[in-house]
Amino acid sequence: MAKKSKKSVGTPATVALTAAGVPFTTHSYEHDPAAPSYGEEAAEALGVAPDQVFKTLLADVDGTLTVAVVPVSGSLDLKALAAAVGGKRATMADPAAAERSTGYVRGGISPLGQRKQLRTVVDASAEGRPTVCVSAGRRGLEVELAPEDLVALTGAHLAPIARG
């Protein structure tokens, strides 16, 4: 069962949200290191549909690290991501490079409060939802916020970058 909290738990993501004055709710749950999908594990623990929980993925688009935020119920369409940022080719980023750049560990990378602000694209399916959940910066901790706040705080734009 997930625990809800309205106060900041001190990750760079929650610190950034608090500093920006954005309303959010944190949800913590006991992370299972053997879980095959961190995102699906989060959706199940929170008791929400997998299309409300978004995973943060890093891709290399023409030599530039780019953040993609897509529902855990689908997968990232690399061609669509490249097109969304005016690039030609996208591949998944090296996990070590993703961790170094964001300051987070794989499975806990948040689109918020990253060490270095990267170009960010949020899947268009987030638009119109009252809230979405994304990693709050560590495994077993999610933050729920309005998608427009996520887009504003990350400097993202919306584009159809998810499949499935």
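In which strand is the place of Thr56? Thr56 belongs to strand β3, which spans residues 54-61. The model discussed here is predicted.

**Overall form**

The protein contains five helices and 11 strands. Its radius of gyration is 14 Å, which agrees with the value near 15 Å for a compact globule of 164 residues. Along the principal axes, the C-alpha atoms fill a box of roughly 40 × 35 × 35 Å. Of the 164 residues, 48% are buried. Among contacts with a separation of 6 or more, 61% are between residues 24 or more positions apart.

The protein exposes about 8000 Å², and carbon and sulfur atoms supply 52% of that area. There are 17 positive and 17 negative charges, and the mean positions of the two sets are 5 Å apart.

**The annotated span**

An unreviewed UniProt entry carries the annotation "domain: YbaK/aminoacyl-tRNA synthetase-associated" for residues 35-152. In the model, residues 35-152 are 25% helix and 32% strand. The C-alpha atoms at the two ends of this span lie 31 Å apart.

**Helices α1 and α2**

Helix α1 covers residues 12-20 and includes Thr14. Thr14 counts as buried because its relative accessibility is 0%, under the 20% limit. The C-alpha atom of Thr14 is separated by 12 Å from that of Leu150, a residue 136 places away along the chain.

Helix α2 runs over residues 38-46, and its buried residues are Gly39, Glu41, Ala42, Ala43 and Leu46. Which strands are included in the cover over the buried residues of α2? They include β2 (25-28), β8 (132-138) and β9 (141-145). After α2 comes Gly47, with a positive phi near 70°.

**Strand β3 and the loop after it**

Thr56, in β3, is buried because its relative accessible area is 13%, again under 20%. Apart from neighbours within four places in sequence, Thr56 is in contact with Val67, Ala68, Ile109, Ser110, Pro111 and Gln114. Two of these partners, Val67 and Ala68, fall within strand β4 (64-71).

The loop between β3 and β4 holds Asp62. Phi of Asp62 is positive, near 50°, in a residue other than glycine. Is Asp62 buried or partly exposed? Asp62 counts as partly exposed, since its relative accessibility is 47%.

**Strands β6 and β10**

Met92 lies in strand β6, residues 90-92. It counts as partly exposed because its relative accessibility is 42%. Leaving out neighbours within four places in sequence, Met92 is in contact with Leu57, Leu58, Ala59, Asp60, Leu76 and Leu78. Among these partners, Leu57, Leu58, Ala59 and Asp60 belong to β3 (54-61).

Strand β10 covers residues 157-159 and contains Leu158. Leu158 is partly exposed because its relative accessibility is 32%. Which residues does Leu158 touch, not counting those up to four places away in sequence? They are Val122, Asp123, Ala124, Glu127 and Val151. Of these, Val151 lies inside the annotated span of residues 35-152.

**Separations along the chain and in space**

The table lists C-alpha separations for pairs of residues.

| Pair | Residues apart along the chain | C-alpha separation |
|---|---|---|
| Thr14 and Leu150 | 136 residues | 12 Å |
| Leu158 and Gln52 | 106 residues | 15 Å |
| Thr56 and Ile161 | 105 residues | 12 Å |
| Met92 and Leu65 | 27 residues | 9.2 Å |

Leu65, paired with Met92 in the table, is within β4 (64-71). Met92 itself is in β6, and its listed contacts include residues such as Leu57 and Leu58.

Terms used: Residues numbered from 1 in each chain as written. Predicted model: local features only at pLDDT ≥ 70, side-chain atom pairs only at ≥ 80, totals over all residues. Heavy atoms only, no water. UniProt positions renumbered as here; feature names shortened; annotations may be inferred. Helix = DSSP H or I, 4+ residues; strand = E, 2+ residues; numbered from the N terminus. Rg over C-alpha atoms; globule rule 2.2 N^0.38 Å. Buried < 20%, exposed > 50% of the residue type's maximum accessible area, 1.4 Å probe, protein only. Contact = heavy atoms within 4.5 Å. Areas by Shrake-Rupley, 256 points an atom, 1.4 Å probe, with all protein chains shown as cover. Lys, Arg positive; Asp, Glu negative; His and termini not counted. Charge placed at Lys NZ, Arg CZ, Asp CG, Glu CD.
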